[in-house]
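User: Could you take a close look at one part of this model for me? I would like a connected walk through its sheet.

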Amino acid sequence: MRYVGLEEIIPGMKLSQPLRDVDGRMLLGEGCILNESYVGKLQDFGFDGIYIEDEWSKGVEIAPVISPKLKNKAMDSVRAMDVDACIECAKSIVDAILSNGNISLDMADLRSYDNYTYAHSVNVGVIACIIGMGKGGFTEKDMEGLVLAGLLHDLGKLQIPNEILNKNGRLTPEEFALIKEHPKLSYELLSDRWEISVFVKTAVKYHHENVDGSGYPDGLKGDMHTDFIKILHVADVYDALISKRPYKKPFSPHEVVEYMMGNCGTLFDKEMVDILLKYVSLYPKGTEVNLSDGRIALVIENSAEHNLRPIVRLKSGEEIDLCKTLSLTITDARDNDEEILKAEKEREEMIEASKQIGKK
């Protein structure tokens, strides 16, 4: 299976992963052959892309970190603002990740605009758990707390009108002020829940705080951040930047991690970003990449030790282990002035998108 972006989808392609709507209902099933009508509807639903089956990607298997059933249950719990159900889902998610044994993220998420908030909350919980496992020193109960913080961190946004959350344009000062209230709103929903750890509650309240004190709601500097706050902040921004939104395009994992590494010590805690870099695949399996010799390849395997040099497959079927073929690298193919200018523009868009995420 391989990932195909929305602009590359054409009739005749065969789905290898089902697509679901905001309520978890099946839109298109695994094995469905896309026709022109289906392709148009994918755009209407706002999907970033799809996974397809073809000869080039034959044998490339990608398993989600948690099952679609569990993810949908967690999304439903967030949507219903059911804290008790979220607590149970957090336990189930940790159990699933621990039983999996593989703590790397190696699959693009398939979601639409409509279910962004709920899917994002689940993804942040999963990423936070993986960072926590990578850091070490946390108990299983701590892991459940990290996942729970991810599930609950944006509950306050559900009280803000969608036309503001999804506004395709600059927010007014009044709208920004309202958006900045969402961490406090989320915290207030949990403040009287004695069974929820203070580490979870403070992470929810301060997940938009930056290391240099430039965040909100209280401008706390990094020496006042708990590990939960540092982890949740990194997980939240990472997932938001790789996601497609009405006001921004999705950025690739390696673009996002490069941006986050460049802002360690100002926006992000360096230790947590380093752990993210180790356990989140920068070139997920099933994605196309450009090689330094001009050829196009498909990523078919990754490892935490060699995140920047996966095993790839050419369209001819030849497979190349980039760890053993050091003369080749993955490149963005910026080999002319037009592409260099495009790269600069994308970097500017990344910075602006990050600012928007801080607001939204």
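Which residue stands opposite I311 in β8?

Analyst: Happy to help! This is a predicted model, where local features need pLDDT of at least 70, side-chain atom pairs count only at pLDDT 80 or more, and totals for chains, interfaces and linings use all residues. Residues are numbered from 1 along each chain as its sequence is written, and side-chain values use heavy atoms, with hydrogens and water left out.

The residue opposite I311 is E301. Strand β8 (residues 311–314) runs antiparallel to β7, and four bridges join the two. Strands here are DSSP runs (E, at least two residues) numbered from the N terminus, and two of them pair if DSSP finds at least two bridges between them.

On to the next neighbour: β7 (residues 296–301) is also joined to β6 (residues 288–291), by three bridges and again antiparallel. In that pairing, L298 of β7 has E288 opposite. The two strands form a hairpin with four residues between them, and G294 in the turn has a positive phi of about 95°.

Strand β6 pairs with β10 as well, in the antiparallel sense over two bridges; there, N290 stands opposite T331 in β10.

Put together, the order is β9-β8-β7-β6-β10, an open sheet of five strands with antiparallel pairing. Its edge strands are β9 (319–321) and β10 (330–331), each of which pairs on one side only. As background, strands of a sheet pair through backbone hydrogen bonds, either parallel or antiparallel.
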